[in-house]
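This report goes through the contact between two chains, then a helix pair within one of them, and ends with the overall make-up of the partner chain.

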Amino acid sequence: MAGTIGGFGGAVLLVPVLVTLGVDPLDAAPIGVVTVASGALSAAPNQLRSGLVHQRLGIVVEIPASAAAVVAALVSVHVPGTGLRVALAAVALAAGVVGLSKAALHNPPRPEFVAEPPAEWPGTLGGTYSGPGGPVPYHARRVPLGLVAMAGAGTVSGLTGTGGGFVKTPVMREIMWIPVKVAAATSTFSTGITAATTLVVFAGQGRVDLHQAAAAGFGGILGGFVGARVQDRLAPATVRRVLSVALIVIAAVLVVAR
Amino acid sequence: MSVHDGPAPHPLVGRQRLLVAALQIASWVGLAAAFVGLVGPGEVRDLAAGVFVGVVVGTPFGRLVWLMVRWIRRGDPRFAVAAGALLTVVALAASTAWW
């Protein structure tokens, strides 16, 4: 649920906890990926109906993310876990600090867009989001830099099974200037594809236990249902603070998990 | 590019009711399959867990195909190509991992 609200996926919490409890990182990764995919699946109808998710942007950023996730998943069986957890902690901490320190509003409400439905604009990486102060038009900035960062998110997902949403949402928000709720919903959509692609690779490696997947997925879908409904009602600043604090907590958990 | 440079929004944007309905059905089927895969008896449990994984993996890819076809039909070729490119990445991943 927390993962859907913040758009970073619950696996970024679950996987470090499993590793802390003694589960091998290679076994924890597929469980995390199933959780991410399940949460994205259950959150999808509500996020699409509300007009929060930008599918064109999600697909564009997902191309480098999925490609990187596939390569990372293929090599993950050869990567030592300790250094990876430290790197993950650094990324999560940096993203959390950036989210708390930068309060600038990139996309102010514009009353002249009041007649526009809250949706993406066909043929562009822009759209309108229905914010508390009125309609908020936006357009993705610095797309090439965002795509490079998304490849990093995919690498994190393929290596660790954490989905990479905790990187994608801050990247969309701070680099591409996407409103936080749109970024969170689009990240959930995009991360669901990353997770499904990664799961295909893990299954090919014989690392997916169907019964463990069902157990993780049941919780992931239930959490996604609740999270998507809560996400639609929260103020952007609240979502931003919750996400940032969660990222800092995640960093601490990752360090403790060593 | 500033926010003012975007084209006028299409009057039908956001009305993807068929996709929303399909995603809702997939979610409930996935939830039911996961539950049976968790507590069901014997072979039914195995089958349900397999169905669950199939739904979780297949739904996002089905959504991609749906969007690609929609954008082709609605004259949005750039993003149809993007969706096709992403599906190609997935196909290559599957072939590489299962080869």
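How many residues of chain B are in contact with chain A? In this predicted model, 48 residues of chain B are in contact with 52 residues of chain A. On the chain B side, H1, H2 and helix H3 (77–98) each supply at least two of the residues that touch chain A, and H3(B) gives the most, with 13 residues. The classes of the residues on that side of chain B are set out below, beside those of the contact between H1(B) and H2(B), which is described after the table.

| Contact | Nonpolar | Polar | Charged |
|---|---|---|---|
| Side of chain B that touches chain A | 33 residues | 11 residues | 4 residues |
| H1(B) with H2(B) | 15 residues | 3 residues | 2 residues |

Within chain B, helix H1 (residues 17–39) packs against helix H2 (residues 42–73) at an angle of about 160°, with the axes 7 Å apart. Since angles over 145 degrees count as roughly antiparallel, H1(B) and H2(B) are therefore roughly antiparallel to each other, and H1(B) passes H2(B) in a left-handed crossing. The residues that meet there include B:Leu19, B:Leu23, B:Ala26 and B:Gly30 in H1(B), and B:Val44, B:Phe52, B:Arg63 and B:Trp66 in H2(B).

Chain A, the partner, has 10 helices and 2 strands, which follow the pattern α-α-α-α-α-β-β-α-α-α-α-α along the sequence. Of the 258 residues in chain A, 64% are buried. Among the contacts in chain A with a separation of 6 or more, 80% are between residues 24 or more positions apart.

Key: Residues are numbered from 1 along each chain as its sequence is written. Chains are lettered from A and ligands numbered from 1 in the order in which they are written. This is a predicted model: local features need pLDDT of at least 70, side-chain atom pairs count only at pLDDT 80 or more; totals for chains, interfaces and linings use all residues. Axes are lines fitted to C-alpha atoms, for helices over the stretch in contact, and angles run from 0 to 180 degrees between N-to-C directions. Helices (H or I, at least four residues) and strands (E, at least two) are DSSP runs, numbered from the N terminus. Angles under 35 degrees count as roughly parallel, over 145 as roughly antiparallel, 65 to 115 as roughly perpendicular and the rest as oblique. A crossing is left-handed if the near helix is turned anticlockwise from the far one by less than a right angle, and right-handed if clockwise. Two residues are in contact if their C-beta atoms, placed from the backbone, lie within 7 Å. Ala, Val, Leu, Ile, Met, Phe, Trp, Tyr, Cys and Pro count as nonpolar, Asp, Glu, Lys and Arg as charged, and the others, Gly among them, as polar. A residue is buried if 20 or more other C-beta atoms lie within 10 Å of its own, exposed if 12 or fewer, and partly exposed in between; C-beta atoms are placed from the backbone.
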